[in-house]
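Me: Could you take a close look at one part of this model with me? I would like a connected account with the cut-offs spelled out.

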Amino acid sequence: MPILEDITIDENGNFILSQEGDAATVTDVDVIIQDLADELMTFQGIISWHPEYGGRLQQFVKTENTAAERTAVAREVAAVILRHPNVIPDTVSVTPVLKQGGDLELAVSLNITLDGQNALSASLVVIVGPEGVRVIEA
């Protein structure tokens, strides 16, 4: 029996249907991954009843891919992830992927707990570029 369960959403926030025609669901670690991806892609302050939700990654969409910008994006990604109550803080690692020009890409690794005791590892790739912010489970 899953500890956590939520409706599956795509990168545009739309519900995904199951083969039976009901809303598809995600469970446990996948709920946390989906929550983190959604919060990273949401502009902070856009949800009036939850103004602290989201991040400021959109402000980096059209910036240069420099060391200073990669560091700033990594800090913002870490700040958003560390706010999640199921993330074990001292396990979060956000590493810029060195690429010349183009998108800012970061490799994220972290441990998640569902029950406050057992840790489960997860990895994400966060991409910030002209098309916006994308988060991919690695």
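Me: Is Arg-134 buried, partly exposed or exposed, and what is its relative accessibility? Please start there and work outwards.

Reply: Happy to! Arg-134 counts as partly exposed, at 34% relative accessibility; here buried means under 20% relative accessible area, exposed over 50%, and partly exposed in between, with a 1.4 Å probe and protein chains only. Before going on, note that this is a predicted model, in which local features need pLDDT of at least 70 and side-chain atom pairs count only at pLDDT 80 or more, while totals for chains, interfaces and linings use all residues. Residues are numbered from 1 along each chain as its sequence is written, and side-chain values use heavy atoms, leaving out hydrogens and water.

The side chain of Arg-134 meets that of Asp-103 in a salt bridge, at 3.3 Å from N to O; the term stands for a side-chain nitrogen of Lys or Arg within 4 Å of a carboxyl oxygen of Asp or Glu. Arg-134 lies in strand 6 and Asp-103 in the loop between strand 3 and strand 4, so the pair ties together parts 31 residues apart in sequence. Helices (H or I, at least four residues) and strands (E, at least two) are DSSP runs, numbered from the N terminus. Asp-103 is partly exposed too, at 21%.

Within the sheet, Arg-134 stands opposite Ile-127. Strand 5 (residues 119-129) and strand 6 run antiparallel and are joined by 6 bridges; two strands pair if DSSP finds at least two bridges between them. They belong to an open sheet of 4 strands, in the order 3-4-5-6, with antiparallel pairing. Strand 3 (93-97) and strand 6 (132-137) are at the edges with a single partner strand each, so one side of each has no neighbour in the sheet. From one strand to the next, the twist averages 20 degrees.

Helix 1 (residues 29-41) packs on this sheet, touching strand 4 (104-113), strand 5 and strand 6, and its direction makes about 165 degrees with that of strand 6. Contact means heavy atoms within 4.5 Å, and axes are lines fitted to C-alpha atoms, for helices over the stretch in contact, with angles from 0 to 180 degrees between N-to-C directions. Helix 2 (residues 67-82) lies across strand 3, strand 4 and strand 5, at about 25 degrees to strand 4.

What do these elements share? The largest nonpolar core has 30 residues, and Leu-110, Val-126 and Val-128 are among those with the most contacts inside it. Such a core is a set of buried Ala, Val, Leu, Ile, Met, Phe, Trp, Tyr and Cys residues joined through side-chain atoms within 4.5 Å. Helix 1, helix 2, strand 4, strand 5 and strand 6 each give two or more residues to this core.

The structure holds 3 salt bridges. Another of them pairs Arg-83 with Glu-39, the closest N and O atoms being 2.9 Å apart. This pair links distant parts of the chain, 44 residues apart: Arg-83 is in the loop between helix 2 and strand 3, and Glu-39 in helix 1. Glu-39 is buried at 8%, whereas Arg-83 is partly exposed at 38%.

Arg-56 and Glu-76 also form a salt bridge, at 3.4 Å from N to O. Arg-56 sits in the loop between helix 1 and helix 2 and Glu-76 in helix 2, so parts 20 residues apart in sequence are tied together. Here Glu-76 is buried at 6%, while Arg-56 is partly exposed at 39%.
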